[in-house]
Amino acid sequence: MNTITVVVLAVFVFLQWSTAAVIPTYPTYPTEKPKTPVIGQLLRNDYVYDNNGQFSLNYQVDDGTSQTREGTLVLNDEGDDYVLIQKGSYSYISPEGIKVTVTYTADKEGFKIVESSNDVPARV
């Protein structure tokens, strides 16, 4: 190999290495705009409460989402104060188009699923 060939190869290798090190690669981003979230129409919104903190809540949205919940005061184990227990249910439409409903209680024992549809685990 003559000297000119070696110099040309050295310059070529140097240029390949230097441009790869200097020019950063940037990730490509989608060019389409993100979809605007669909906001459901509220069909029902009932909320009743008393001065003690007990309540009843019921709402429905036109996308299939709904919730019913009651909060009731009960005497604690010592009998000297009250605690708020809750029971209710919620429903929604899964991404697969299946209606999922969960009925639950929340008391001194914690949150418990009483009944569920579509393979929602009864114990977490």
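**Reading a six-stranded sheet, starting from R44**

Modeller: Let's start with one residue: R44 is found in strand β1. Keep in mind that this is a predicted model.

Biologist: Happy to start there. Which residues does R44 touch, not counting residues up to four places away in sequence?

Modeller: With those set aside, R44 touches N58, Y59 and Q60. You can also look at R44 and D62, which are 18 residues apart in sequence and 9.3 Å apart in space, C-alpha to C-alpha.

Biologist: And how exposed is R44, in terms of relative accessibility?

Modeller: R44 counts as partly exposed, at 38% relative accessibility. Its side chain meets that of D46 in a salt bridge, 2.6 Å from N to O. D46 also counts as partly exposed, at 32%.

Biologist: Let me step back to the whole chain. Which elements does the chain have, and in what order do they run from the N terminus on?

Modeller: The chain has one helix and six strands, and from the N terminus on the elements run α-β-β-β-β-β-β.

Biologist: How should I read the way strands join into a sheet?

Modeller: The general idea first: strands of a sheet pair through backbone hydrogen bonds, either parallel or antiparallel. Here, the six strands form an open sheet in the order β1-β2-β3-β4-β5-β6, with antiparallel pairing.

Biologist: Why is one side of β1 and of β6 left without a neighbour in the sheet?

Modeller: β1 (42–49) and β6 (110–116) stand at the edges and have a single partner strand each, so one side of each lacks a neighbour in the sheet. As for the twist, neighbouring strands of this sheet are turned by 15° against each other on average, direction ignored.

Biologist: How many bridges pair β1 with β2?

Modeller: Seven bridges pair β1 with β2 (residues 55–61), in the antiparallel sense. For a landmark, find L42: its bridge partner in β2 is V61.

Biologist: Now the other end of the sheet. How many residues lie between β4 and β5 in their hairpin?

Modeller: Five residues lie between β4 and β5 in that hairpin, and G97 in the turn has a positive phi of about 90°. The two strands pair in the antiparallel sense over eight bridges, and S91 stands opposite T101 in β5.

Biologist: What about the hairpin of β5 and β6: how many residues are between them?

Modeller: There are two residues between β5 and β6 in that hairpin. Six bridges join these antiparallel strands, and D107 has G110 as its bridge partner in β6.

Biologist: D107 makes me think of charged pairs. How many salt bridges does a search of the whole structure find?

Modeller: The search finds three salt bridges. You have already seen R44 with D46. D107 forms another with K112, their closest N and O atoms being 3.0 Å apart. Both residues are partly exposed: K112 has a relative accessible area of 30%, and D107 is at 31%.

Biologist: Which residue does D77 meet in a salt bridge?

Modeller: D77 meets K108, with 2.7 Å from N to O between the side chains. D77 lies in the loop between β3 (66–75) and β4 (82–93), and K108 in the loop between β5 (99–107) and β6, so the pair ties together parts that are 31 residues apart in sequence. Both D77 and K108 are exposed.

Biologist: How do I read an aromatic pair?

Modeller: A pair of aromatic rings is described by the distance of the centres and the angle of the planes. A search of the whole structure finds four aromatic pairs. One of them, Y47 with Y49, is tilted: the centres are 5.5 Å apart and the planes are at 35°.

Biologist: Which residues form an aromatic cluster with Y47?

Modeller: Y49 and F55 join Y47 in one aromatic cluster. On the surface side of the question, Y47 is partly exposed, with a relative accessible area of 48%, whereas Y49 is exposed, with 58%. The cut-off helps here, because exposed means over 50%.

Biologist: To finish, what share of the residues of the chain counts as buried?

Modeller: Of the chain's 124 residues, 13% count as buried. The chain exposes about 10500 Å², and carbon and sulfur atoms supply 57% of that area.

Biologist: And what part of the contacts comes from residues 24 or more positions apart?

Modeller: Such residues account for 11% of the contacts in the chain with a separation of 6 or more.

Conventions:
Residues are numbered from 1 along each chain as its sequence is written. This is a predicted model: local features need pLDDT of at least 70, side-chain atom pairs count only at pLDDT 80 or more; totals for chains, interfaces and linings use all residues. Side-chain values use heavy atoms; hydrogens and water are left out. Two strands pair if DSSP finds at least two bridges between them. Helices (H or I, at least four residues) and strands (E, at least two) are DSSP runs, numbered from the N terminus. Axes are lines fitted to C-alpha atoms, for helices over the stretch in contact, and angles run from 0 to 180 degrees between N-to-C directions. Rings of Phe, Tyr and Trp (its six-membered ring) pair if their centres lie within 6.5 Å; planes under 30 degrees apart count as stacked, over 60 as edge-to-face and the rest as tilted. Buried means under 20% relative accessible area, exposed over 50%, partly exposed in between (1.4 Å probe, protein chains only). A salt bridge is a side-chain nitrogen of Lys or Arg within 4 Å of a carboxyl oxygen of Asp or Glu. Contact means heavy atoms within 4.5 Å. Accessible areas come from the Shrake-Rupley method with a 1.4 Å probe; for residues, only the protein chains shown count as cover.
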